[in-house]
Amino acid sequence: MHYSSFSQVLRDLQSLNQAIEDIRQRIVTVSGVSYASQDARHVALDGLQCDIGACGNWIHALMSLKMLSQERYGDNWEDEYRKLLLTGLSCGQAEDLMLDYLRNTLTTKVHFKIENLFSNILRALRASPSNSGFWHIGNAMLEQVGIPTIGQEKNTLTVLANLRNSFHANGIHNKDSLSVDIDGTGFEFCKGKQVECASWEHIVVIMRANISVLESVLLSDRVSNLRSEIPDAFAASNP
């Protein structure tokens, strides 16, 4: 997959949100948990939809501002566009900076929400791991729903975690090297080297794959049978 325009990115972000919406509707049907409840499943999925939607809105706003400048100011559009962005950088540099920030922030927030969701479900199942950290939380969650802890699902969770961790290390991957293929897209992490698999194409692919893992977890018999509301600490303190 290669994006030739951000219109394609926006369409794919919308498709991710629709996939999440489909999972939410199935949770209501299978588990009987109200769509409007503060159940941790809906809280997490709604949060993911908000983050993905907000990212798409900012991209759309930036691209619309650029088009407006081109239409209104003709040959001088770049100078006016830079004024609107309040930047001394070139247009390309300013766009890259803003879009990189959106991409990195979205990836990080998506990962945090998945980690928090798994932690909430494991507490409800009385199966929280003795060791903290996403590696242990992810393994415990997969084990609870009968998914192998070695294989594509675990790789999918690990790739997202590696991307998140690299953002905390200025783009450097500091853990063991890893090379995996997710839905036809390669992700390669070399210990001590800069991560080169965090483009918009990569981010959309890995988010879609993680949403698929979420679907398998949330609609599994083990989790679907949790028919009482699963608490979420943040939601409980912000009714």
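Is Asp-51 buried or exposed? Asp-51 is buried, with a relative accessible area of 12%. Keep that residue in mind, as it turns up again in one of the views below. Everything shown here comes from a predicted model.

**View 1. The whole chain, helices and strands together.**
Start by getting your bearings: the chain has nine helices and four strands. Walk along the sequence and you meet them in the order α-α-α-α-α-α-β-β-β-β-α-α-α. The C-alpha trace spans about 65 × 45 × 30 Å along its principal axes. For 239 residues, a compact globule would have a radius of gyration near 18 Å, and the 20 Å found for this chain agrees with that. Of those 239 residues, 45% are buried. Now take the contacts between residues with a separation of 6 or more: 58% of them involve residues 24 or more positions apart. As for the outside, the accessible surface comes to about 12500 Å², and carbon and sulfur atoms account for 50% of it.

**View 2. Asp-51 and its lysine partners.**
Here is the residue from the opening question. Side chains of opposite charge can pair when their charged atoms come close. Asp-51 and Lys-113 meet in a salt bridge, with 2.8 Å from N to O. The two sit in distant parts of the chain, 62 residues apart: Asp-51 belongs to helix H2, and Lys-113 to helix H4 (residues 91–124). Their surroundings are worth a look too, as Asp-51 is buried at 12% relative accessible area, whereas Lys-113 is partly exposed at 22%. There is also a third member, Lys-109, which joins Asp-51 and Lys-113 in a network of salt bridges.

**View 3. Arg-24 and Asp-46, a link between helices H1 and H2.**
This view shows another of the 10 salt bridges in the structure. Arg-24 pairs with Asp-46, and their closest N and O atoms are 3.5 Å apart. Arg-24 lies in helix H1 and Asp-46 in helix H2 (residues 40–73), so the pair ties together parts that are 22 residues apart in sequence. Arg-24 is buried, with just 3% relative accessible area. Asp-46, on the other hand, counts as partly exposed at 34%.

**View 4. Arg-208 and Asp-12, a link between helices H7 and H1.**
Arg-208 and Asp-12 form a salt bridge in which the closest N and O atoms are 3.7 Å apart. The partners are 196 residues apart, with Arg-208 in helix H7 (residues 200–218) and Asp-12 in helix H1 (residues 6–31). Why does Asp-12 count as buried? Its relative accessible area is 17%, and buried means under 20%. Arg-208 has 33% relative accessibility and so counts as partly exposed.

**View 5. The hairpin of strands E2 and E3.**
Time to leave the helices for a pair of strands. E2 (residues 178–182) and E3 run in the antiparallel sense and pair over five bridges. Look across from Ser-179 and you find Glu-188 in E3 opposite. Two residues lie between the strands of this hairpin, where Asp-183 takes a positive phi near 50°.

**View 6. The two faces of strand E3.**
Which residues make up the covered face of E3, and which the uncovered one? In this strand (residues 185–189), Thr-185, Phe-187 and Phe-189 form the covered face. Gly-186 and Glu-188 are on the uncovered face. You have met Glu-188 already, as the residue opposite Ser-179.

Methods. Residues are numbered from 1 along each chain as its sequence is written. This is a predicted model: local features need pLDDT of at least 70, side-chain atom pairs count only at pLDDT 80 or more; totals for chains, interfaces and linings use all residues. Side-chain values use heavy atoms; hydrogens and water are left out. A salt bridge is a side-chain nitrogen of Lys or Arg within 4 Å of a carboxyl oxygen of Asp or Glu. Buried means under 20% relative accessible area, exposed over 50%, partly exposed in between (1.4 Å probe, protein chains only). Two strands pair if DSSP finds at least two bridges between them. The radius of gyration is taken over C-alpha atoms; the globule rule is 2.2 Å times the number of residues to the power 0.38. Contact means heavy atoms within 4.5 Å. Accessible areas come from the Shrake-Rupley method with a 1.4 Å probe; for residues, only the protein chains shown count as cover.
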